[in-house]
Amino acid sequence: MEPSEIALRTQGLTRRYGRREAVAELDVSVNVGDVYGFLGPNGAGKTTALRCMLGLIRYDSGRVEIFGETDPVKRLAKVGAIVETPSFHAWMSGRDNLRQAAAYASLSGAEADAEIQRVLERVGLTERAKDPAGSYSLGMRQRLGIARALLGRPKLLVLDEPTNGLDPRGMHEVRELVRSLALNDRITIVISSHLLAEVQQICNRVGILQDGRLRAEGSVASLLAAGGAAPIVDVGSPDRAALEAALRGMAGVELAGMGAEGRIRVLHPGLDLPGLTAALVRANVPIDAIVPLRRDLEEVFLEVTR
Ligand code: ATP
C-alpha cells in the first residue's frame, strides 16, 4: 500500500513502566478512511498506546507516523482526540468552553465563531450551547468533547472508549455521530473499546491487543470469516435415540440443545454437510433449517486472547 494511504502507523512501538512492557513492539496500521477498532481486555495497553501515538507520554522505542509525518509536533496537526473522559469548566457554557479551546488552537474572531458554530451543529449541541457544561448529561459532555476535538477540521479522530458509562441512548448517539463523521466528513477514526458488539457495528478494521502486543489485525469481515461458517442444523420433532444413531461416527457434529427445539451443531466448516443431511433423512429425522453459524467478534476476540 502507498504510504499516502496510511493515516496512522506504528512500528515497534514500546513503552515500559519499570520492567513491565505496557506496549511491546506494536505495529499497527490504520488506512485512510478506516473506522479502526482498537480492542483489548482491561490493562492490555490500549490507552498507553494511544497516549504514545498522540505524544501525551513518551515512548521508549519505535516509530509513530501520522499521514506520513513523524515529527512529534507536526504529526499532530491533523489529529483530534479524546483520551479518557473529557473535562470542561462546569460553570462555563458549552460554547465558551469551545471558545477557550479554539483560542488554544490559535483560532480567534469571526473564524473561531464560525468554527465553533460548525462543530456545535455537527454534534447536535447548538440548542444547549448557552447552558453551563456542568448541566450537561454524560452523553452531551462526550459530544462536547467530540466537538472540541473537531475544531480545526482534523483528518484523524482518536477516541478512547467514547461510549464508556453512557446510557443506551447516549451510546446510540455517539455511535451514530462516529459513523456519520466517517461517512459524511470523511474523517479516519481510531476508537478504543472493549465493547465487541459496538466495534462490530461501527468499525471496518480492528487490531486486537493483549499484554501490550498486537495479537491480530485485519478487516472485521476477514476476521469473522476466518475459520469459515459452521452451520447449525435445526431438526424438527427430534427423537434423541434416532438422532444419536444417525450421527454415530460423524466427527465434528454435536447435539446442541435437545429440548422443544432440536439442534445439531456442526463444528467443522469442512464437514460433509450433504452426507450429514443424507444420514438424517435415512434416519427419518425431519430437517427444519440449515443455517450458517456466524462467528461474532466476541468469539474471535476470545480465541485470539486465550
Ligand atoms: P483499560 O481498558 O483498563 O483502560 P488499557 O488497555 O487501556 O486498559 P493501559 O491503561 O494502557 O491498558 O495499561 C497497560 C498496562 O500498563 C497496565 O498493566 C497498567 O497497569 C500499566 N500502566 C499504565 N499506566 C501506568 C503508569 N502510569 N504507571 C505504571 N504502570 C502503568
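**Group meeting talk: a pocket, a ligand and a valine**

Okay, let's start with the lining of the largest pocket: 12 of its residues are nonpolar, five are polar and three are charged. Before I go on, keep in mind that this is a predicted model.

So, how big is that pocket? The volume of the largest pocket comes out at about 390 Å³. If you want to find it on the screen, 20 residues line it, and the ones nearest its centre are A81, A101, R148, A149 and L151. Three elements each give two or more residues to that lining: strand β6, at 79–82, plus the helices α2, at 94–104, and α4, at 138–150. Which of them gives the most? That's β6, with four residues.

Right, on to the ligand. Which residues sit around it? Going along the chain, we have Y17, R20 and A22. Then there's a run from P41 through N42, G43, A44, G45, K46 and T47 to T48, and finally E161. Sorted by type, this shell has four nonpolar residues, five polar ones and three charged ones.

In terms of elements, β2 (20–26) and α1 (46–53) each supply at least two residues of the shell. The largest share comes from α1, which puts in three residues.

Now let's look at some individual contacts with oxygen atoms of the ligand. For T47, an N or O atom in the side chain is 2.7 Å from a ligand oxygen. With N42, a polar side-chain atom is again involved, and the distance to an oxygen of the ligand is 3.1 Å. A44 uses its backbone instead: a polar atom there lies 3.1 Å from a ligand oxygen. And how much of the ligand does the protein cover? On its own the ligand has 630 Å² of accessible area, and the protein covers 60% of that.

Last stop, a single residue: V123. You'll find V123 in helix α3, which covers residues 109–123. Is V123 buried or exposed? V123 has a relative accessible area of 4%, and the cut-off for buried is under 20%, so V123 counts as buried. If you'd like a sense of distance across the model, take V123 and V220. Those two are 97 residues apart in sequence, and their C-alpha atoms are 27 Å apart in space.

To recap where to look: R148 and its neighbours for the pocket centre, T47 for a ligand contact, and V123 for a buried position. That's my tour, thanks!

Note on methods:
Residues are numbered from 1 along each chain as its sequence is written. This is a predicted model: local features need pLDDT of at least 70, side-chain atom pairs count only at pLDDT 80 or more; totals for chains, interfaces and linings use all residues. Side-chain values use heavy atoms; hydrogens and water are left out. On a 1 Å grid over the protein atoms alone, a cavity is a set of points where a 1.4 Å probe fits but cannot get out, and a pocket is an open set with protein on both sides within 12 Å along at least five of seven lines; lining residues have an atom within 4 Å of a point. Grid points are joined across faces, edges and corners, and a volume is the space filled by probe spheres set on the points. Ala, Val, Leu, Ile, Met, Phe, Trp, Tyr, Cys and Pro count as nonpolar, Asp, Glu, Lys and Arg as charged, and the others, Gly among them, as polar. A residue is near a molecule or strand if one of its heavy atoms lies within 4 Å of it. A polar contact is a pair of N or O atoms within 3.5 Å; within protein, one must be able to donate a hydrogen and the other to accept it, and residues adjacent in sequence count only if both atoms are side-chain atoms. Accessible areas come from the Shrake-Rupley method with a 1.4 Å probe; for residues, only the protein chains shown count as cover. Buried means under 20% relative accessible area, exposed over 50%, partly exposed in between (1.4 Å probe, protein chains only).
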